[in-house]
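Work through the exercises below with the sequence and the model at hand. Try each task before reading its solution.

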Amino acid sequence: MVSIRDIARMASVSPASVSRILNHDQSFSINEETRKRVIDIANQMHYSKDASKKGPRFNHDSMQIGLILRHNRESELNDPYFHEIHRGIELEAARWRMRVITPFGMKDKVKEWKRLNDFGAIIMVGEMTDEGIEMVKQVNDNVILVDNYSEHPGVDVIKTDFSEKTQEILDLLYGDGHRKIAFIGGYNSVVRPDGSVSRDNREVRAVSYRNWMKLHDLQDEMNVQIGRWTAEDGMILAKEILQSHNRPTAIIVASDPMAMGVYKAISESGLTIPDDISVVSFDDVEMNQYLVPSLSSVRMEAREMGKTAVKLARDRMIEPSGMPMKLICASKLMIRESIKKIKN
C-alpha cells in the first residue's frame, strides 16, 4: 500500500508535514491549499495507516499506468527513439513507485478494451487512428499520447518539434549554398483498432520538407524517397537517388538507422561525405560521433519525453479535471563533419 513518504513525494511536501496533516495535528500551521492537496492525494491513493505499515506500495489500480506501445520489444530495440521513450516511462514510474503494465500492444488483433478501466491513466506511444484513441478514452478518461500528431480533443499530447527542425536544417543547407536537397524517410504508419496498419508518405518531416521546397521555389529539385525505417532501405533509397540524372548535393535522412544505409550507399558509389554530398539525420545516437565523417543529427531527449508522460499521468490521477495539455518538446541540431558549404 501507499506510504506517507509516497504521499509526500506526490504532494511535494515533507513526510513530517504529511504525517501531521493526516493525524489532524491542530498545532501544525500550514496553508489550507496544501492541507487539502495532501488529503486529496491520500484519499485518491486509498491511504490507510494500518495497511501502509506493510506490503508492496502502489498496488492499487488507481495508481497504475496502462502502457500501450506501437512497437513490441524486438522491433523497439531497432528503433533508438522509441526505445528511449519507453525507458523514460519506466524510470520515472519507478521513481514515483508506480506500476506500469502493458494490457495489450497497439498492433494486437484482439484487445481487451474494458481492461483499461483498471488503470489510473493510459499512456499511448505511437500513432493510432482517432477511432482507436476514442475507444481508449471511452473506457479511461486519463489518456496521454506520446509521439502522436493527431488533433484528438480531450487528451494530453506530447510530440516533437521535428517539423520545425526539418525547416531549420533546410535553412542551414540553403545558407551553405545547397539547392539540390533530397529527403529519405520512413512511412507514416497509423494503427487501426483491429491492429492493422495504415501507411502513407505524410510523415511530419517529409511534409515539412515538401512545403519548404515549394516555398523556396525548388520544386524541380525536390526528391523524396520513402521506405521502411531500416538501414537496408536507407541504402536502397540512397542508391536510387545517386543514380538519378540530377544528383543532390545534400540528403536529409529521417532517422539514424536509415542514415547508416545512406553512408554505405554513398561510399559504394565512389563518392565522399561531405565533399560530394552533405548528410543530416535525426535521432543522434551515440555512435554518430564515431562515424567517418561524424554524422550531423538532431538530438531529441526521447527519454525525457517518456518521463514527462508519466508526470502528466500522475497529475491526471491526482486531479482528473483540467484542460488537456499539448506539449512540444524541443530538439537540438548537432552539427558535425557531414555538412559542408558549396559554391554555386
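**Exercise 1. Pairing around strand 12**

Find how strand 12 pairs with strand 11 and with strand 14, and in which sense.

Solution. Step 1: strand 11 and strand 12 pair in the parallel sense, over three bridges. Two strands pair if DSSP finds at least two bridges between them. Helices (H or I, at least four residues) and strands (E, at least two) are DSSP runs, numbered from the N terminus.

Step 2: locate a residue pair; Val280 stands opposite Ser296 in strand 12.

Step 3: turn to strand 14, which pairs with strand 12 in the antiparallel sense over three bridges. Here Val298 stands opposite Leu333 in strand 14.

Before going on, note the basis of the work. This is a predicted model, in which local features need pLDDT of at least 70 and side-chain atom pairs count only at pLDDT 80 or more, while totals for chains, interfaces and linings use all residues. Residues are numbered from 1 along each chain as its sequence is written, and side-chain values use heavy atoms, with hydrogens and water left out.

**Exercise 2. The mixed sheet**

Write down the strand order of the open sheet whose pairing is mixed, and name its edge strands.

Solution. Step 1: the order is 9-6-10-11-12-14, six strands in an open sheet with mixed pairing. Step 2: strand 9 (223-227) and strand 14 (332-334) are the edge strands, each pairing on one side only. Step 3: neighbouring strands of this sheet are turned by 15° against each other on average, direction ignored.

Step 4: check one pair inside the sheet. Strand 10 and strand 11 run parallel and are joined by three bridges; Ile251 has Val279 in strand 11 as its bridge partner.

Step 5: look for helices lying across the sheet. Helix 7 (residues 162-175) lies across strand 6, strand 10, strand 11, strand 12 and strand 14, and runs at about 165° to strand 11. Helix 8 (residues 204-215) lies across strand 6, strand 9 and strand 11, at about 160° to strand 6. For such angles, axes are lines fitted to C-alpha atoms, for helices over the stretch in contact, and angles run from 0 to 180 degrees between N-to-C directions.

**Exercise 3. The parallel sheet**

In what order do the strands of the open sheet with parallel pairing follow one another?

Solution. Step 1: the six strands follow the order 2-1-3-4-5-13. Step 2: strand 2 (99-101) and strand 13 (326-329) stand at the edges with a single partner strand each, so one side of each has no neighbour in the sheet. Step 3: the twist averages 20° from one strand to the next.

Step 4: strand 3 (residues 121-125) pairs with strand 4 (residues 143-146) in the parallel sense over four bridges. Met124 stands opposite Leu145 in strand 4.

**Exercise 4. Helix 10**

Compare the span of helix 10 with the expected span, then list its buried residues and what covers them.

Solution. Step 1: helix 10 (residues 256-268) has 13 residues and reaches 19 Å from its first C-alpha to its last, close to the 18 Å expected at 1.5 Å a residue. The expected span is 1.5 Å times one less than the number of residues.

Step 2: the buried residues (under 20% relative accessible area, with exposed over 50% and partly exposed in between; 1.4 Å probe, protein chains only) are Asp256, Pro257, Met258, Ala259, Gly261, Val262, Tyr263, Ala265 and Ile266.

Step 3: their cover includes helix 5 (80-95), helix 9 (231-242), strand 6 (181-186), strand 10 (250-253), strand 11 (278-282) and strand 12 (296-299).

Step 4: just after helix 10, Gly270 takes a positive phi of about 80°.

**Exercise 5. Loops beside strand 11**

Find the cis peptide bonds that involve Pro274 and Pro293, and the positive phi values of Asp283 and Asp284.

Solution. Step 1: Pro274, in the loop between helix 10 and strand 11, is joined to Ile273 by a cis peptide bond with omega about 5°. Step 2: Pro293, in the loop between strand 11 and strand 12, is joined to Val292 by a cis peptide bond with omega about -5°.

Step 3: Asp283 is not a glycine, yet has a positive phi of about 120°; its relative accessibility is 15%, so Asp283 counts as buried. Step 4: Asp284, also not a glycine, has a positive phi of about 55°, and at 9% relative accessibility Asp284 counts as buried.

Conventions:
Contact means heavy atoms within 4.5 Å.
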